[in-house]
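Colleague: Let's go through this model by question and answer. Keep it short, please.

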Amino acid sequence: MAIIKGGARQSLTVTDNRTGKSYELPITHNSILATDIKKIKSAQGNDRPEDETTQGLRVYDPAYMNTAVIQSRITYINGQEGILRYRGYPIEQLVKKSNFLESAYLLIYGELPTKPQFDGWQDEVMHHTYVHSDIEGIFKSFRYDSHPMSMLTSAFATLGAFAPEANPALQGQKLYSNAASGDLEALRVLDKQILRIIGKAPTLAAASYRMRQGRPFNRPAHGLSYTGNFLYLLDYLSGKEYTPHPVLERALDALFIIHADHEVNCSTATVLQVGSSLVDPYSVVAAGCSALYGPSHGGASESAIRMLMEIGSPDNVPGFMAKVEKRERVLVGFGHRVYKNVDPRSTAIRELAEEVFKVTGRNQLLDTALALAKYARESEFMRSRNLYPNVDFYSGLIYQAMGFPLDFYPVLFAVPRCVGWLAHWRQQMLVPTGVKIWRPRQLYVGEGEREYVDAANRQQKANSTVFEGPVKVSHGGDSKRNQLASVKDERGQLLKSRL
């Protein structure tokens, strides 16, 4: 039954013009169930058999433009009004008043911790910062020019191999989902892995950085904050009593808060998709890293800085934007899939940038960035498309001012985002009705049923395009030498000969 509220039925009435039947679909939280749409059925008419018409109507939503896949209590975003809240707390308040580990506790467990709760939480996280020495060997096996994000992704997957007690494939598939019924041992195992991943994330990230620098790996330091320890792991070389600059430490901590979660974005959706298979959380986080690695997601801040470097100076902004408006160039760092107003994260970051620049000196790209932002405010092209500076636009300027290499930016995003991923994963494991494996539907538009044709009777498709076969791949010089050589197989039979 539809809920009556204010005299109006909370439902949607749909008439199927194919059959003339009407359906009343309940509306809850301003949404309808996709499975209710499936109840709208019709006999097959002019549809293809592959359309499966008799099995009920399907919802087609490319790239999840308007599909809610979970019910969540973690993060709220209002893209039209530029609102971002963690568990109800505005991001602006948390950036000014909280710290990263406190905000992490809030995201994962739902409330800001009391002083004793926070002290215990911080001690546990910092207790889990060390990694097995063999994992350092994994880093040393990478090429010297490997991308840090590739190394970090591999390291998280590797970390799971060092925790067999945390693997549902070895300990039983309900190792974590049993926690939803109040199984304290399952909950204990679940929360321990959260502590391990959050604690070790900076250590793994720093190892990827030190590997690129050709420097020995540092051991975690005692007595420093979460981000202070991270800076120590990155930068300590020799001497004693190394202390990161407090402004840079605070700025990085604030950036970690800002980047900790952002609702069901690409990487979080990936985490939940993979997590629905009940795999271990290390594999889940590694999958999240893979999604975050993409230039349309966590790699955007790196791309934004490269774009500013290419523009070069404020004088070149109008010329560059003219190419953008002609669709000849891509504008990075503006606009957002959700925000159709100012990204609240970019506002908080802009204030941080000024504090950092007082210590590091003014970023030479700042004038170009400000000119680009000014152009966006005044351009009808930009305003009509809701293209405002987003979080990636200013965060890259801070990272560059702090001396981080461009390819390390996604790693600086991944370390705090582990918290958001784990918050959503934990919420998923604690659903009382159990975890259903995610299995999106598709609309099949390919060939209908065909008969197999023997190779001798096949003909190449007429008017085939370049997409309907492999493109010829070029090989190195050694391949040409090998082609000219004579080769026999393991049985001594001649495979080929140019002699």
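Colleague: Which helices are among those that cover the buried residues of α18?
Modeller: This is a predicted model. Helix α18 spans residues 391-401. The cover over its buried residues includes α10 (246-259), α13 (300-311), α15 (344-360), α16 (366-378) and α19 (409-429).

Colleague: How many of the 11 residues of α18 are buried?
Modeller: Buried here means under 20% relative accessible area. Val391, Asp392, Phe393 and Tyr394 meet that, as do Ser395, Gly396, Leu397, Ile398, Tyr399 and Ala401. The helix is mostly covered, and the count is 10.

Colleague: Which residue with a positive phi follows α18?
Modeller: The helix runs over 391-401. After α18 comes a residue whose phi is near 90°, and that residue is glycine 403.

Colleague: Now the sheet. Which strands stand at the edges?
Modeller: The sheet is open, with 3 strands in the order β4-β5-β6 and antiparallel pairing. An edge strand has a single partner, so one side of it is left without a neighbour in the sheet. That applies to β4 (75-78) and β6 (89-90).

Colleague: What is the bridge partner of tyrosine 86 in β6?
Modeller: Strand β5 covers residues 83-86 and pairs with β6 in the antiparallel sense. The pairing runs over 2 bridges. For tyrosine 86, the partner in β6 is tyrosine 89.

Colleague: What distance separates the centres of domain 1 and domain 2?
Modeller: Domain 1 is 11-55 and domain 2 is 71-440. Their centres are taken over C-alpha atoms, and the separation is 41 Å.

How values were computed: Residues are numbered from 1 along each chain as its sequence is written. This is a predicted model: local features need pLDDT of at least 70, side-chain atom pairs count only at pLDDT 80 or more; totals for chains, interfaces and linings use all residues. Side-chain values use heavy atoms; hydrogens and water are left out. Domain bounds come from an automatic or database domain assignment. Two strands pair if DSSP finds at least two bridges between them. Helices (H or I, at least four residues) and strands (E, at least two) are DSSP runs, numbered from the N terminus. Buried means under 20% relative accessible area, exposed over 50%, partly exposed in between (1.4 Å probe, protein chains only). Contact means heavy atoms within 4.5 Å.
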